[in-house]
Amino acid sequence: MKILIKNGLIVDGSGKESYLADLLIDGEKIEKIGTDLVADGAKVVDAKGMVVAPGFIDTHSHSSMLVFKDSLLSPKIKQGITTELVAQDGMGPAPVNEATLSPWKKAMKGLEGEYDVEWSWRSVADYLEVIEKLPLGPNIAYLAPHGNVRMVSMGLDNRKPTEEEMKLMQANLAKAIDEGAFGMSTGMIYPPCCYADIDEFIELGKVLHDKDALFVTHQRSEADSILDSMEEILTIGKESGCKVHFSHFKVCGKNNWDKFPKVLDRLDRAKAEGMTVSFDQYPYVAGSTMMSVILPPWVHDGGTDRLLERLQDADLREKMKEDIRKGIPGWDNFVDFAGLDGIFVTFVGSDKNQDVVGKSLVEVGQIKGKEPLDAIFDVILEEENIVGLVDFYGTEEHVKLIMSRPEQNVCTDGIMGGKPHPRLFGAFPRVLGKYVRDEKAFTLETAIYKMTGKSAQVLGLKDRGLLKEGMAADVVLFDFDKIIDKGDYTDPNQFPEGIEYVIVNGEMVIEKGQVTENRPGRILKK
């Protein structure tokens, strides 16, 4: 099928100045960009007054299980996202093995929610083969999660690997990349990733270097110890030679905002040292993850089943509360930097505790008639750790400061749930409407580059991210005067305005703002 897009403002994803032109798609490729183009039999789209851009690339997505329920990935495709990078934060569906399958399924439910799916896969190749059969909206790319790689190599215990286990971990990582993964994700605050030391990551980074793959990291601290945490990541990059990419980059908590100048200086020095460093960011002052991150690290030792056992022990509960109140050196204490009134429940796994969804921890305590920490401990226990949160950590000034950095590209970090973070539905339109059009924080061309060409460059996607002849026909058309996110923290489940057409691999998935029956998304492999 041919599609001829006429009279649009071409913003090609390179950061170069936009221009008026026509764009011809033939099959899955961009055939021609020029003026006064004609094509017999082509479907003609009059893009006068619209921006024509490459399809947006979400470099931090939690859609690896949602895809089984909603293969269109409607919260993403409706904001112009045509490629998703999944299996973030060191946690994903694959690889898995029989010994750890049951506790890992519980851990994944805590992060991505609960879906009625038979885990028939074991390897990355198996998982990608399963989802390749789904009628996909966007393209899907995969990261090898460090937690999975470690788990299938040495289990879920909190200890250093033996020499043989380290070799097995390296072999399992290499296998995952050979099967299509674009790199390795780490979640250094989540078990079992948090059990690994710098030497383990350096050894795995050597595999990434040899495979020209990316080290993607939710670093060990985004709060009190962020400078030490950054130094750890940069040392991993230097010692192993791999490229490093920080996930959802930020500085959490008002007590740490004075660290911003040193944080930015460390990025500048990394560039001066010749390192390849990048990061993604969602454009909001609040974050979102699983509620159990409020628990001290020792509570997670051994997996979800052990965590739930510890929550049933009154003495251990008191120790948890004491650690939360006093803190533990090197631990990102969410209650400390966001406050009990700044952490909200986004979803729970059952009907029993639906009354706390959308409520702060202070309000959860009031509803349950208990001290807030005891109340949320009860909820985590009753829901078997299937509880999500939103936490408020930053300022608009800092969001814009990070967004303006040359290392930055846009992401959603979207996690589905009852009342999810609004970034799931609106991150990319929010950048374009709020920060570019309304606040003029930077140019339209720069914004599109940060959503497309920059993201493709980070991942090593050679055929996407640019409007260029011969490139894959992933294209989005939007009304720059209207584009905006609509969801907020009270009512987040709202699709954005202004996205008129979304084309994936040469087929329209969104046409005149409406979803079509086309599902042309595919699995992208390194």
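Before anything else, one definition: when I call a residue buried, I mean that its relative accessible area is under 20%. Also keep in mind that this is a predicted model.

Let's start with helix α5, which spans residues 146-154. How many of its residues are buried? Nine of the nine are, so the helix is largely enclosed by the rest of the structure. Let me name them for you, in chain order: His 146, Gly 147, Asn 148, Val 149 and Arg 150 are buried, and then come Met 151, Val 152, Ser 153 and Met 154. And what covers them? The cover includes three helices, α3 (101-112), α6 and α7, along with the strands β9 (144-145) and β10 (183-187). Right after α5 you reach Gly 155, and its phi is positive, near 85°.

Two of those covering helices, α6 and α7, also meet each other, so to speak, and here is how. The axes of α6 (residues 163-178) and α7 (residues 198-211) come within 10 Å and cross at roughly 35°. The crossing of α6 past α7 is right-handed. On the α6 side, the contact is built from Met 166, Met 169, Gln 170, Leu 173, Ala 174, Ile 177 and Asp 178. Helix α7 answers with Glu 200, Glu 203, Leu 204, Val 207, Leu 208 and Lys 211. Sorted by type, the residues of this contact are eight nonpolar, one polar and four charged.

Let me zoom in on Gln 170, which belongs to helix α6. Is Gln 170 buried or exposed? Its relative accessible area is 19%, and because the cut-off for buried is under 20%, Gln 170 counts as buried. Leaving aside residues up to four places away in sequence, Gln 170 touches Glu 203, Leu 204 and Val 207.

Another buried residue to look at is Asn 256, with a relative accessible area of 2%. You'll find Asn 256 in the loop between β12 (243-246) and α9 (260-272). With residues up to four places away in sequence again set aside, Asn 256 touches Ala 223, Asp 224 and Val 251.

Now for the aromatics. The model has 14 aromatic pairs. Take Trp 121 and Tyr 127: their ring centres are 5.3 Å apart and their planes stand at 75°, so this pair is edge-to-face. Both Trp 121 and Tyr 127 are buried. A second edge-to-face pair is Phe 392 with Tyr 489, where the centres are 4.7 Å apart and the planes are at 65°. This one links distant parts of the chain, 97 residues apart. Phe 392 sits in strand β16 (residues 387-392), while Tyr 489 is in the loop between β18 (475-478) and β19 (499-504). How accessible are these two? Phe 392 is partly exposed, at a relative accessible area of 29%, and Tyr 489 is partly exposed at 29% as well.

Back to Trp 121 and Tyr 127 for a moment: they belong to one aromatic cluster, together with Phe 68, Trp 119 and Tyr 142.

Last stop: charges over rings. Which ring does the charged end of Arg 423 sit over? That would be the ring of Tyr 282, with the charged end 4.3 Å from its centre. Then there is Lys 434, which lies over the face of Tyr 435 at 5.1 Å from the ring centre.

That's my tour; thanks for listening!

Conventions. Residues numbered from 1 in each chain as written. Predicted model: local features only at pLDDT ≥ 70, side-chain atom pairs only at ≥ 80, totals over all residues. Heavy atoms only, no water. Helix = DSSP H or I, 4+ residues; strand = E, 2+ residues; numbered from the N terminus. Buried < 20%, exposed > 50% of the residue type's maximum accessible area, 1.4 Å probe, protein only. Contact = heavy atoms within 4.5 Å. Phe/Tyr/Trp six-rings, centres within 6.5 Å; stacked < 30°, edge-to-face > 60°. Lys NZ or Arg CZ within 6 Å of the ring centre and 35° of its normal. Axes fitted to C-alpha atoms, helices over the stretch in contact; angles between N-to-C directions. Left-handed = near helix turned anticlockwise from the far one by under 90°. Nonpolar A, V, L, I, M, F, W, Y, C, P; charged D, E, K, R; others polar.
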